[in-house]
Amino acid sequence: MTRNGAIALDPEAVVVDVALLEAALADQTTDGLEWIAELCRGEFLAGLNLDEPEFDEWRSFERDRLNTLAVEALAKLVDRQASKTPEAAIQTARRLLAIDPSQERMQRTLMRLLLGQGQRAAALKQYQQCIDWFERELGVEPEEETQQVYRDILRSAGPGPDRQRRPASLSPRVVNARADEVQMVGREFELGHLNVALTNMLDTGGRVVLLRGEAGIGKSRLLREFIGNVPSGVRVLIGRCHETEQILPLHAWIDALRESGTVLDAAVRDRLGAAANAQLVRVFPELRQSASQPVTAPEQYSLLFDALAQLLVELASGQPTVFILEDLHWCDGLSARFLAFFGRRIDRLPILVVGSMRPEELIDVPVLAQSLKELRSDGRLDEVPLGALSQADAATLVQALLPAGRRGPQSAKAAQDIWVASEGNPFIIVESVRSLDHERPAIRQGEPSLIREFVTARLERLPELPRRLVPVAAAIGRDFTFSLLARAGKVAEVDAAIAVEQLVRRHILTTEGERVDFCHDWIRRVAYEQLMPQQRRLLHAAVGEAIEELHRGDSEEIADQLGHHYVQAGDARRAIPCLIQFADLAGRRYALDDALRAFQQAADVAESLPAPERDHQKLDLALRQTFVLSMLGRQREIWEILQTHADHVARVVDPLLTSEYHFRVGLTCFYLGRYAEGKEASERALSEAERAGNSDAIGKALHALSLIAYETGHPQDGTAHASRAISLLETTREPQWLGLVYHDLALNSVVAGDLATALDAARQEQVIGRAIGWPRIVALAGSVIAWALALRGDYEAAIEAAEQSLQLSRDPMVSNLVRGSMGLAYVEKGDAKTAIKILSEVVVQLRRSPVRSGEVRSLAFLSEAQLLAGDPAPARETALRALELDQSDGFTFSSGLALRALGRIDIAHNDFGEAEARLLRALSAFERCGAAFETARTRADLAALFARKPDRRAARAHLAAALVGFRKARAPRRIAEARRMPSTQFERPESRP
């Protein structure tokens with residue numbers, strides 16, 4: 001508008017926010033106050049600079065006046081909102097504190113509001129932000145009333161075991177956030193790299209990013225800054241590895257998934273399918289619907305990896321996901337393998353994996369080194385090294401750490417000295433600044449003794465109560481809950497709350513979500529190293545007891561922690577059950593090497609027990625070790641362990657335990673080809689099991705006897721043992737043994753020539769294998785099914801059964817047994833080329849197996865295939881090799897197969913005399929071991945041979961006997977083949993025209 005030649009602003013044509021603010025202040029209604037909250041979104045005239053002193057003075061005065069008015073109005077609004085709309089009150093309080101963080105009453109109000117809304121972690125974080133601001137800007141501590149609010153929040157956790165886990169509803173950004181005292185300094189490039197990786201993940205697909213740097217260099221701080229920048233639509237899952245002797249396999253991955261809450265969502269699991277859920281039960285026991293445990297086979301760990309990968313992909317399909325893995329240098333072997341497995345599969349998925357590690361620790365984690373090497377060679381790994389801070393960045397950090405009154409040029413000399421001494425390590429810079437008030441020199445990088453001295457001095461300056469709780473926290477060895485610290489420290493919760501508040505205020509401890517941890521691992525290490533051995537033992541015992549109290553009924557997830565603490569406490573009786581449980585859990589997750597280490601550690605701890613108890617415990621642990629080794633196929637090691645403990649058996653009075661020992665000796669002898677010793681040991685196991693009256697132990701002893709009977713050519717004994725075992729194991733809680741004895745019955749029935757029983761037993765074996773989630777036994781049954789069908793002449797069905805089994809099998813030995821049966825089916829089909837290709841590979845692979853019968857049988861089949869192909873010379877060489885192996889181990893059934901193959905080769909060379917001798921020897925071998933079907937097949941060969949000699953009477957007799965055997969075996973194709981022999985070969989001479 002214009003007036004008297006002047007130009008002015010028309011107040012009715014514009015809206016001025018200051019005028020609106022003043023009008024709302026005058027109104028004092030709730031609506032007016034809410035309007036003020038909307039108006040307060042930044043500083044007055046922010047960004048407007050006229051370089052005019054008078055203007056700057058007016059703006060500063062006006063800004064202070066308006067801020068004071070806004071704070072007063074927002075405080076009134078918080079009071080009105082608190083009871084009716086607490087979430088709105090929280091947002092208003094945060095706006096007020098953004099204007100003036102010194103409003104300590106509002107700091108307390110905000111903490112109480114957050115706690116009331118169930119946001120305990122955010123309330124704890126707010127206190128830490130409060131004390132950091134007061135220390136940095138004003139150089140004072142918060143009021144006693146504010147400290148008391150924090151102590152009340154700490155005590156609100158309660159003693160329940162569920163408090164050990166973060167609530168699933170809580171944002172991971174809140175969980176991981178620390179209220180760091182200063183803004184991050186000097187990591188713009190590295191943070192930019194992470195942000196670019198995140199952007200690329202959202203646009204095209206993910207990869208693995210690894211932050212590498214020494215202790216104290218700022219890896220965790222950078223990760224927290226990155227997490228704070230992740231858009232709200234992206235899920236963040238956080239897993240941490242810990243330095244301890246036992247850690248549950250896949251711990252970091254599983255904890256992150258569990259705490260996200262989504263893994264327990266029934267809808268998510270339904271989309272994964274039954275097979276994946278059967279594997280997830282191994283790592284999420286809360287999903288188990290029955291008391292039975294899934295069977296473990298080492299070759300199946302990839303099934304678990306597949307299931308976990310499917311779960312992560314399913315989660316990412318609904319929401320892009322960032323997976324954070326901190327301190328990978330402390331990860332377990334299975335976690336490292338899964339990192340490589342999963343990292344190779346996310347290049348087109350909205351999943352980003354970010355890990356941190358200390359490169360100097362990599363030499364102690366060869367599995368992780370190999371996984372990173374694989375990812376690097378596949379181009380799936382981005383590595384971001386974190387180096388020292390520059391002098392300028394170090395100076396900025398020093399200035400930010402100093403109280404406001406000590407900043408400026410006067411501190412430049414101190415900043416210079418600190419940078420030189422620290423060589424740019426942020427942790428050392430922080431500790432050096434905190435030592436300035438106590439007239440100590442700067443800590444020098446590379447001088448750990450001085451770092452320990454500085455940290456020790458800080459700990460010694462603590463008041464008595466918090467100083468008493470620091471060793472307890474150090475003994476816990478990882479992040480912990482307030483309840484655990486109070487119980488382990490044996491102090492009242494009110495006293496523990498006072499101590500923790502003081503430790504947080506002095507930057508010894510920090511809160512991360514609802515958990516408490518040391519500000520840096522260096523502080524924990526120094527505190528722990530100061531303890532005398534007896535102090536450590538007492539503290540670990542107290543921590544173990546406290547963990548047990550907090551987790552009653554949830555022992556599986558704490559077995560690793562309890563085992564560690566009770567071992568350190570020297571309490572063998574409490575440590576050993578925990579280590580056994582840990583080993584069982586590790587085995588269930590396919591981490592068999594971890595299970596073996598736990599059993600060995602338990603055995604070492606058992607040395608401290610009194611003699612009778614020690615003998616019993618050490619024998620039990622040795623047998624548990626041998627069971628794990630048996631899954632790994634390490635039979636020689638098993639034999640050595642069993643021999644080492646032979647003397648203990650005589651001193652153990654428990655027949656169930658001695659039965660298990662003799663059973664394991666018998667089974668190991670079977671695998672090592674020591675059949676006489678194996679039979680004797682298995683019979684002793686049976687006797688001890690019957691003395692104990694335990695059906696499972698009796699069934700296992702019969703299982704060993706049945707296998708040995710099969711290998712030594714006594715299938716009738718083998719079927720009798722297996723049948724008795726089946727009747728005893730029908731109600732076992734370990735159904736894998738029932739499946740194995742059905743396999744024994746199937747094997748012995750094939751050798752005996754009862755193909756129908758063999759097929760029925762193998763199919764029942766498959767039913768059991770599918771029910772307990774054990775693909776190995778399903779595939780193993782398939783090898784017998786294919787063998788029996790091929791013998792019966794149903795070669796197409798045999799090939800189909802073998803192909804189905806190969807799709808399931810992850811065990812190389814089982815796969816080769818299946819392929820051996822498939823090779824026989826192709827021989828029967830007349831496809832010599834395919835049969836030779838399959839069987840040639842099989843015999844090479846089976847040479848590694850200590851059980852020779854599979855190799856000998858496959859050599860005999862290969863010889864038949866080579867003869868079918870018109871290559872009698874290699875066929876003879878192969879059959880002779882089979883016979884040589886068989887005779888060296890004393891088999892009868894397999895020697896019959898090799899002799900019959902040689903007889904057929906002799907017939908092809910028209911060497912009827914040698915053919916007759918070998919076929920008769922084969923017949924004798926089959927008859928001695930009761931192999932009725934192979935006896936019938938050999939008689940058919942003899943019938944054809946005698947018809948050509950000619951000895952028609954002998955030919956007719958052998959043919960008639962062969963037909964009887966084929967009918968008993970229900971093999972119509974074999975019957976038809978026998979009947980297709982030219983009838984003139986069997987006519988009496990006088991009957992011809």
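**Exercise 1.** How many bridges join S4 to strand S5, and in which sense do they run?

*Solution.* Start with the ground rules: this is a predicted model, in which local features need pLDDT of at least 70, side-chain atom pairs count only at pLDDT 80 or more, and totals for chains, interfaces and linings use all residues. Residues are numbered from 1 along each chain as its sequence is written, and side-chain values use heavy atoms, with hydrogens and water left out.

Next, find the elements: strands (E, at least two residues) and helices (H or I, at least four) are DSSP runs numbered from the N terminus. Two strands pair if DSSP finds at least two bridges between them. Between S4 and S5 (residues 321-326) there are six bridges, and the two strands run parallel. Within this pair, Leu237 stands opposite Phe323 of S5.

**Exercise 2.** Work out the order of the strands in the open sheet, and say which stand at the edges.

*Solution.* Take S3 (residues 208-212) as your anchor. On one side, S3 is joined in parallel by five bridges to S6 (residues 351-357), where Val354 is the bridge partner of Val209. S3 is also joined by five bridges to S7 (residues 381-385), again parallel, and here Val209 faces Asp382.

Put together, the five strands read S4-S5-S6-S3-S7, with parallel pairing. S4 (235-240) and S7 each have a single partner strand, so one side of each lacks a neighbour in the sheet. From one strand to the next, the twist averages 15 degrees.

**Exercise 3.** Which strands do helices H15 and H16 touch?

*Solution.* Contact here means heavy atoms within 4.5 Å. Angles, from 0 to 180 degrees, are taken between N-to-C directions of lines fitted to C-alpha atoms, for helices over the stretch in contact.

- H15 (residues 333-343) packs on the sheet against S3, S5 and S6, at about 145 degrees to S6.
- H16 (residues 366-377) packs on the sheet against S3, S6 and S7, at about 115 degrees to S7.

**Exercise 4.** Is strand S3 mostly covered or uncovered, and which residues of the largest nonpolar core touch the most other members?

*Solution.* Buried means under 20% relative accessible area, exposed over 50%, and partly exposed in between (1.4 Å probe, protein chains only). By that test, four of the five residues of S3 are buried.

A nonpolar core joins buried Ala, Val, Leu, Ile, Met, Phe, Trp, Tyr and Cys residues through side-chain atoms within 4.5 Å. The largest has 159 residues, and Leu250, Trp253, Leu308, Leu339 and Val353 touch the most other members. Helix H27 (residues 572-588) gives this core its largest share, ten residues.
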